[in-house]
Amino acid sequence: MHFITRSLRRHLCGMALAASASLLLAMSAAVPTAHAAELKIGLFADVSTLDPHFNNIAPNVSLATHLFDALINVDPNGHLVPGLATAWRAVDATTWEFKLRRGVKFHDGSEMTAADVVFSLDRPATLINSPGPFTSYTKQIVGKQIVDPYTLRLKTATPYGALPLDVSTIFIVSKKAAEHATQEDFNSGKALIGTGPFKFSSFTRGDRIILVRNDAYWGPKPDWDKVTFRIMTSDGARLAALLAGEVDAIENVPPADVSRLKSDPKFVVVQKTSWRTIFWTLDQSRDVTPDITDKDGKPLTRNPLKDIRVRQAISKAINRPLMAERVLDGLGVPASNIVAPGILGYSNALKVEQYDPEGAKKLLAAAGYPNGFNLTLHGPNNRYINDERVAQTVAQFLSRIGIATKVETLPLSVYFGKARNGAFSMALLGWGTLAGDFGLRTLVGTADPATGWGTWNWGKYSNPNVDKLVRSSLASVDEKQRAQFAEQAATVALQDYAVIPLHHQYATWAMRKGLTYIPRIDEFTLAHQFHPQP
C-alpha cells in the first residue's frame, strides 16, 4: 500500500488547514485541526461487552478504563498509582485498609462511597457463564468492613501481599445502576455509570463506540469532547483509515508498515515492549484429546501431550529467533518466561529453548512416537501480532520433526469460548500481567472455581509444587521474598513445560503529527492519554 501524497499537518491553535482549496475538494472529507473536539481511534480488536466485570480480556478492559476507575490505577510503566483510593496500607497480616477519594461523582451525579466499592468487589462472583471471569482477583477477600463512607478494610483468610494489585483490576460501578442490570443494560448504556474520564454515548457492536467527556471527572480532564473508537480488525483497513485522515490514531500498527510510517513526517510512531507473552497451551488432563490422531487418522488411545518428552520435543522444534525476525517483522523477542522481562517473578535463569529439531525427534522416539502423529493447532486470526502466520509457521516446524500439523484459526469472539471449553488440544494464547505469581495462578494454577485459580488454564495443567510456591509468593508482603517464590514457581512450571512460551511482543501506536501518546506496557489505548502536541 502506498502512502497518500497529501499533508496531514494541522495547526494547534484552531487555524485553518494549510492546504489549497483544490486539494481540499479532492479529499473525501476535511481533516480536523489538532485542537478539534473529537478524537478518532482505530482499534485492532473487537470489544465483546461493556460490562466491566464479565469478560477479562484486554480490549474490554482497555475500553472500560475510559468509563470506570479502580481503587488503584496503573501508570504507563505498570506502576500502581492512586485511583479511587488515595492511600492503602496493610493494617496487619490479613487486613488491608483503603482510604477513598472524597467528592467523587458517578456519571449520574451520585456520590461514590464505600458501599459501591463493596458491591463492585462482590459482583464478579455473581455473574454466570463468564468466558473470562474476574473472580481470581476477588476470591482472596473473605471479609469487607466499611469503617466509614470513605474508609474500607478488606480481610483475607491468610497473609496476602498481592491484594493492591488484585483490586487494580476491579472497576468500581454504581451499585444503584448495576445491582439488577443485565448485559444488555450495560451494552445499551443504561447501567454504564462509572466515575471515569468519559461518559457513554453509543455502542454499535463490531463497528464503533462513542464516548463524551466527563466534565465532572475527579482527575485531569481529557482534551477531547468526544472520542470515537472504530473497530477495525483488518490491518489494511486500519492503516488506510489513518493515512486517509479518517482516524487520528491506530493501535497495533501492521508490522510491515512500521518503518514506513516512522520515516513519514506526517505521522508519529511510539513503541514499548509489552507485558504480553505469546505461548502455547497444551491439553494435559485428558487421556484422549480431540485434535491428535495417528498417521492413519485414527484417535490415539493415549494423549501424547501428557508426556513431558513430547512437550519438550514440540518446544525444541520451534526456531524462536527466526520467528521474531521474519514472522513478527522484528516486533517481538523470543521468550523463556510466562511474564516479560522486568516483571516481578521473571527468572533470568530460564533460557530461551534452543532450536534443536534432531533432539526433538529423539525425544518423540523415546516417548513412543518415532513416526510422530497428526495434530491440529488452533489460534485466533485477529488478536495478536501476525497470529495466524505464527500458527502456520509453528505447524511447519512441527511437521519437520514428524508431527503432521494442520492449522485452524478463528475470530477472537469465537476462539476464546471454544478454547476455554476444552475444544482444542494445542491453542495459542497471549497474556500480560504485572506480576508473575498472578500469571502463574491464572494460567497454570490448578483450576478451582472456589478460589478463582486457573481461570485461563486451558490445558488443565496441575502441579502441587507449583501451586505451593505460587501461594507462598502471593502471601509474601516482602517484595524480595515474593519475587523469589514467584521465580521458583516459574522455573518449576516451565521446566515441566506447563506451557510453551514463544515471544514477548511489542506494542506499537501510530498517530497523525500533532498528537502525543506515552506508550503503555499493558498495550491499552487510552483516549485521555492522547494530547495535542504543545
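**A helix crossing and a paired strand**

Helix α14 crosses helix α15 in a left-handed manner. The model is a predicted one. α14 covers residues 436–443, and α15 covers residues 464–475. Their axes lie 9 Å apart, and the packing angle is about 140°. Angles over 145 degrees would count as roughly antiparallel, and 65 to 115 as roughly perpendicular. The angle here falls in neither range, so α14 and α15 are oblique to each other.

Which residues in α14 and α15 meet? From α14 come Asp-437, Phe-438, Leu-440 and Arg-441. From α15 come Val-470, Ser-473 and Leu-474. By residue class, this contact of α14 with α15 divides into 4 nonpolar, 1 polar and 2 charged.

Now turn to strand β12, residues 267–282. Is β12 mostly covered or mostly open? It is mostly covered: 12 of the 16 residues in β12 are buried.

β12 pairs with strand β18, residues 499–512. The two run antiparallel and are joined by 12 bridges. To find this pairing in the model, start at Lys-272: its bridge partner in β18 is Ala-507.

β12 also pairs with strand β17, residues 426–432. Again the strands run antiparallel, here with 7 bridges between them. Thr-281 marks this pairing, standing opposite Ala-427 in β17.

One general point helps when following a strand by eye. In a regular strand, side chains alternate between the two faces of the sheet.

Note on methods:
Residues are numbered from 1 along each chain as its sequence is written. This is a predicted model: local features need pLDDT of at least 70, side-chain atom pairs count only at pLDDT 80 or more; totals for chains, interfaces and linings use all residues. Side-chain values use heavy atoms; hydrogens and water are left out. Buried means under 20% relative accessible area, exposed over 50%, partly exposed in between (1.4 Å probe, protein chains only). Helices (H or I, at least four residues) and strands (E, at least two) are DSSP runs, numbered from the N terminus. Two strands pair if DSSP finds at least two bridges between them. Axes are lines fitted to C-alpha atoms, for helices over the stretch in contact, and angles run from 0 to 180 degrees between N-to-C directions. Angles under 35 degrees count as roughly parallel, over 145 as roughly antiparallel, 65 to 115 as roughly perpendicular and the rest as oblique. A crossing is left-handed if the near helix is turned anticlockwise from the far one by less than a right angle, and right-handed if clockwise. Contact means heavy atoms within 4.5 Å. Ala, Val, Leu, Ile, Met, Phe, Trp, Tyr, Cys and Pro count as nonpolar, Asp, Glu, Lys and Arg as charged, and the others, Gly among them, as polar.
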